[in-house]
Amino acid sequence: MRICVINPNTAAAMTEVIAAAARSVARPDCEIVAVTSTMGPESIESHYDEALAVPGLLRAIADNPGADGYLVACFGDPGLDAAREVADAPVLGIAEAAMHLAAPLGRTFSIVTTLDRTIGRAVDLVAHYGFAGQCGGVHACDIPVLELETNPATADILEKACSEALRTDGSDAIVLGCAGMADLAQRIGAAIDAPVIDGVAAGVGMLAALAAMGGRTGTASGEFRAPPRKRYSGALQDFEIS
Ligand SMILES: O=C(O)C[C@H]1NC(=O)NC1=O
């Protein structure tokens with residue numbers, strides 16, 4: 001089994017964090033291929049960044065054919081539907097996966113993301129995935145994405161934000177709102193004595209289960225079948241990937 005985990009920003013150091021989290025839960029027979037986008041923003045912290053991250057994500061999928069599943073390792077789940085039209089195997093986003101695995105762990109979960117400007121996107125995804133009744137709230141820890149790895153106080157700040165979120169919302173579990181937080185899930189879970197779900201690990205587990213069940217998208221008649229062929233111009237003139 002092979003699962004392709006794609007960091008849609010261009011920060012290779014963050015991809016290493018993501019890869020380690022993915023491999024920490026992967027089955028022995030599951031190879032994790034970790035990919036860093038080759039074009040687009042160095043981090044994704046706005047709608048603008050999300051939009052500009054999608055071509056690199058789609059290119060990464062097209063350049064890694066034949067995986068049994070693909071994981072979009074960015075909490076905004078950028079380009080998820082387009083990725084499903086291009087991929088030849090199931091595609092999950094880490095926000096989607098984290099919410100699905102947090103739901104059975106209590107009555108409600110809280111999300112702790114990076115900058116407060118990304119809260120709205122997370123709220124939209126909660127509604128989109130059908131968890132509006134189970135998400136007690138979305139909060140920001142106010143650490144920029146690329147500072148998660150460089151700020152020595154990240155773990156303490158995030159632990160405090162998660163503890164505050166549980167108390168404020170009365171929630172039972174935490175969803176970490178950034179792929180760059182993946183290495184802190186277990187430490188924070190122990191510190192606040194509550195389940196803390198990282199979407200990278202959640203996504204790898206769900207994709208492995210889907211692969212074992214023969215799950216697939218992109219059926220000949222389904223919405224996520226290959227897109228119609230057409231010309232693209234300008235910077236996308238040679239962006240032929242399907
Ligand atoms: O939306 C966010 O703040 C987190 C999101 N941005 C990013 O570059 N990787 C992520 O997981």
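So, cavities. If you search the whole structure, which is a predicted model, you find one cavity of 30 Å³ or more. How much space lies in that largest cavity? About 240 Å³.

Now, what lines it? The largest cavity has 24 lining residues. If you want to find its centre on screen, look for Ile44, Glu50, Cys74, Gly76 and Thr118, which lie nearest to that point.

And what about the ligand? Well, the ligand takes up the space of this largest cavity. There are 13 residues around the ligand, and the ones that come nearest are Asn9, Ile44, Phe75, Thr114 and Ala179. You'll recognise Ile44 there, since we just had Ile44 by the cavity centre.

Okay, on to the kind of residues in that shell. By class, seven are nonpolar and six are polar. How many are charged? None: the shell around the ligand has no charged residues.

Where do these residues come from? Both domain 1, that's 2–93 + 202–239, and domain 2, that's 96–199, give at least three residues each to the shell.

Let's zoom in on some polar contacts. Start with Asn9: one of its polar side-chain atoms lies 2.9 Å from an oxygen atom of the ligand. With Phe75, the backbone does the job instead, with a polar backbone atom 3.0 Å from a ligand oxygen. Ala179 also uses a polar backbone atom, and there the distance to an oxygen atom of the ligand is 2.8 Å.

And how much of the ligand does the protein cover? On its own, the ligand has 300 Å² of accessible area, and the protein covers 98% of that.

Terms used:
Residues numbered from 1 in each chain as written. Predicted model: local features only at pLDDT ≥ 70, side-chain atom pairs only at ≥ 80, totals over all residues. Heavy atoms only, no water. Near = heavy atom within 4 Å. Polar contact = N/O pair within 3.5 Å; in protein donor to acceptor, adjacent residues only side chain to side chain. Areas by Shrake-Rupley, 256 points an atom, 1.4 Å probe, with all protein chains shown as cover. 1 Å grid on protein atoms, 1.4 Å probe; cavity = no way out; pocket = protein on both sides within 12 Å on 5 of 7 lines; lining within 4 Å. Sits in = over half its atoms within 2 Å of the grid points. Nonpolar A, V, L, I, M, F, W, Y, C, P; charged D, E, K, R; others polar. Domains from an automatic or database assignment. Points joined across faces, edges and corners; volume = space filled by probe spheres on them.
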